Amino acid sequence: MTREREAEEIKIRANAAFGKKQYQEAIRLYGEAITLHPTAIYYSNRAACYLQLKQWDKALTDTREAVKLDPTYAKGKVRHVEALIRVGCGDEALRYANELYSAEGSTKNHELVENATRCKELSEGSGTLFLDHLNQGALTLARGWLSVAAQISSGTVVLASTEERSKSEAKQDEVDLQWCELIESISTVRDQACAIFSQITSDSKFLRNEMLGYSVDPLLYVYQRLLTKCISDVCDVGVRLGLDGFPGQEVDEKGDRKPLPNYVGNALSELQRIGRSSQPMYCALLASAMLLGEANISDVDSVLMRAGQAPGAGEFQLPQFSRCIKEYISQKDAGSSSFKANKFDTALVRFNSALKAIMDPSTLSSESLSGLAAMIYLALRQSAAAVLSNAGMCLNKLRQNGKALAYLRAAILIDPSYYKAHIRAANIYKEQGMLLECIRECGYAISIDENGSKGCQELAKQCQADAVKYSRPDYYAWLNVPRTIDPTSNEYSSAYRKACLKWHPDRHRDPVKKRFAQIKFRQVQEADSILKDPQKRRIYDSGGNPAAGGAEGAGVPMSMNMGGMGIDIGSIFSSMFGGGMPGGNVRIQFATSSGGRGGPGIDLSQFFSF
């Protein structure tokens, strides 16, 4: 038997071992075949075994030999590209991938070109592209999100009671238009956040699944988790405004959202495992994780003080953050003392100074701001929300409720889990007679922390009882037609067409006005569907609810707009509170969570040796 024939028979046995996933045995047999008669096929097949065993360097050695022995062997070249991608040799992988695609423009070869290109992008320049995307993402999110909060807190919420808006379409429109401005601002930030999430998730998945033999600093994955936590929080704000949820949240077979990973807890665990307490990047991420985990801010200051002494700390502005946090604590404590002494003007100044210490818009817009510094600012937003809320209470005491609600709205915007801001806003809305807004804030507060929101259920019930008499929509006014109108007449058709032309969203280019037009257009369609249906119109005219199964007088149609969201109060109760609202005695049952804002205690000795 010739050496070549003997080698071929050994290859058959090696192939069988490979098929049974006996990779070590297959490697041994392919080695015997190579010794007898080295070929590109034998080297390539042994490389496949090494790839399965994640022995990347050995796999690459064999694929190089296979390509050298037979440059025309396409399968060997494919494996060579795969091995090159595993170890991050993007330039060389792309060259061979292009050769394969030029020889055969198949889908598989096209995917190889795409993967090789991605590998080249992520590995060139010392492999900093992933970090660049994380830094740019943190900067974009911090500047966008926090600047929107600053803009909102500098404004004034339109104060118009539920009764007043039920009598004045113009006043309702004013409230709705302001809410549309808020929704559009958050929609823009959410879109940016989702784009960031898509980019960093794509980077991470490719590094973890394709470039398995390429060395990546594990701190980057910690950075990714913390930034993803912030992105999910932005999306939570959007959900409350009727926008789509976090794209990274999976749903079960019933369509319910599954719980998200504990991004902050996982990040802290990973930091403890890594243990590079002398590195500024480690300290910046630890400070961010602690803040997002709601650790005591004085403990965070200890981390930043320690980090500020390390070489390179200035690059991430760590010494500056330590000074800012000290100023924040000092001003916040002074503000609290002044508030307790009923010196509300002084307290307001102090709280605003505390806010500026940790969230100065001019600092956020600085070109010298690093990505990790932006990450710390994102983590500080919970502390900022606390003083925004406190300042809002000062303004309430000073009888400036429009400004007070603007501050509270900004607090809720940057920290949707801060139930106290929701409670404070609910009480001011009740004070202003804005009943539906009060119910909304009560619902959010209870869903965040039932124990900390005691009294909200009763407050919501009171608002429910008072809101019923103002909740009836005026369909005739929405179409600007008299109550005696014949819906089959030319007069009605003309009025309907005129309303549709005026409020069709496609006629409005400005995004805020387009959102407002969507609300008005839905109203036009709702009014038309009732007035054109003889039975529904008869029930409506008699004071009944056309949607209540055709029973005259069976409840009140609750379709007053909820802050421009176009949501009826009945839907709010059924989705948030677990019950309808037909106008009778309804037990309001809120979805609850006992989580609240009280974060876990963090033992710093896990991360540092003091």
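The charged end of Arg208 lies over the ring of Tyr221, 3.6 Å from the ring centre. A second arginine, Arg240, lies over the face of Tyr444 at 4.6 Å from the centre of that ring. A charge is said to sit over a ring if NZ of Lys or CZ of Arg is within 6 Å of the ring centre and within 35 degrees of the ring normal.

This is a predicted model, in which local features need pLDDT of at least 70 and side-chain atom pairs count only at pLDDT 80 or more, while totals for chains, interfaces and linings use all residues. Residues are numbered from 1 along each chain as its sequence is written, and side-chain values use heavy atoms, with hydrogens and water left out.

## The chain as a whole

The protein chain contains 28 helices and zero strands. Helices (H or I, at least four residues) and strands (E, at least two) are DSSP runs, numbered from the N terminus. Of the 610 residues in the protein chain, 53% are buried. Buried means under 20% relative accessible area, exposed means over 50%, and partly exposed lies in between (1.4 Å probe, protein chains only).

The accessible surface of the protein chain comes to about 27,500 Å², and carbon and sulfur atoms account for 47% of it. Such areas come from the Shrake-Rupley method with a 1.4 Å probe; for residues, only the protein chains shown count as cover. Among contacts (heavy atoms within 4.5 Å) in the protein chain between residues at least 6 apart in sequence, 67% join residues at least 24 apart.

One part of the chain carries a record: the UniProt annotation "repeat: TPR", from an unreviewed entry, covers residues 40-73. UniProt positions are given in the numbering used here, feature names are shortened, and annotations may be inferred rather than shown by experiment. In the model, the span of residues 40-73 is 79% helix and 0% strand, and its end C-alpha atoms lie 7 Å apart.

## Aromatic pairs

The structure holds nine aromatic pairs. Rings of Phe, Tyr and Trp (its six-membered ring) pair if their centres lie within 6.5 Å; planes under 30 degrees apart count as stacked, over 60 as edge-to-face and the rest as tilted. Among the pairs is that of Phe339 and Phe344, which is edge-to-face, with 5.2 Å from centre to centre and 65° between the planes. Phe339 is partly exposed, because its relative accessibility is 25%. Phe344 has 16% relative accessibility and therefore counts as buried.

The pair of Tyr475 and Tyr540 is tilted, because the ring planes stand at 45°, with the centres 4.7 Å apart. This pair links distant parts of the chain: Tyr475 belongs to helix H24 (residues 475-479) and Tyr540 to helix H27 (residues 534-541), 65 residues apart. Both tyrosines, Tyr475 and Tyr540, are buried. Together with Tyr476 and Trp478, Tyr475 and Tyr540 form one aromatic cluster.

## Cysteines

A disulfide is a covalent bond between the sulfur atoms of two cysteines. Here a disulfide is counted as a pair of cysteine sulfur atoms within 2.5 Å. A search of the whole structure finds zero disulfides. For Cys235, the closest cysteine sulfur is that of Cys194, 4.0 Å away, which is too far for a bond. Cys235 is buried, with a relative accessible area of 0%. Cys324 also counts as buried, at 16% relative accessibility.

## Positive phi in two loops

Most residues other than glycine have a negative phi, and most peptide bonds are trans. The table lists two non-glycine residues with a positive phi and the loops that hold them.

| Residue | Phi | Loop between | Relative accessible area |
|---|---|---|---|
| Glu294 | about 60° | H13 (280-292) and H14 (297-308) | 22%, partly exposed |
| Asn342 | about 65° | H15 (318-340) and H16 (344-358) | 56%, exposed |

## Two further residues in helices

Lys420 is part of helix H21 (residues 419-431). With 39% relative accessibility, Lys420 is partly exposed. Lys420 and Ser453 are 33 residues apart in sequence, and their C-alpha atoms are 7.8 Å apart in space.

Val349 is placed in helix H16. Val349 counts as exposed, at 53% relative accessibility. From C-alpha to C-alpha, Val349 and Ala334 are 9.8 Å apart in space, and they are 15 residues apart in sequence.
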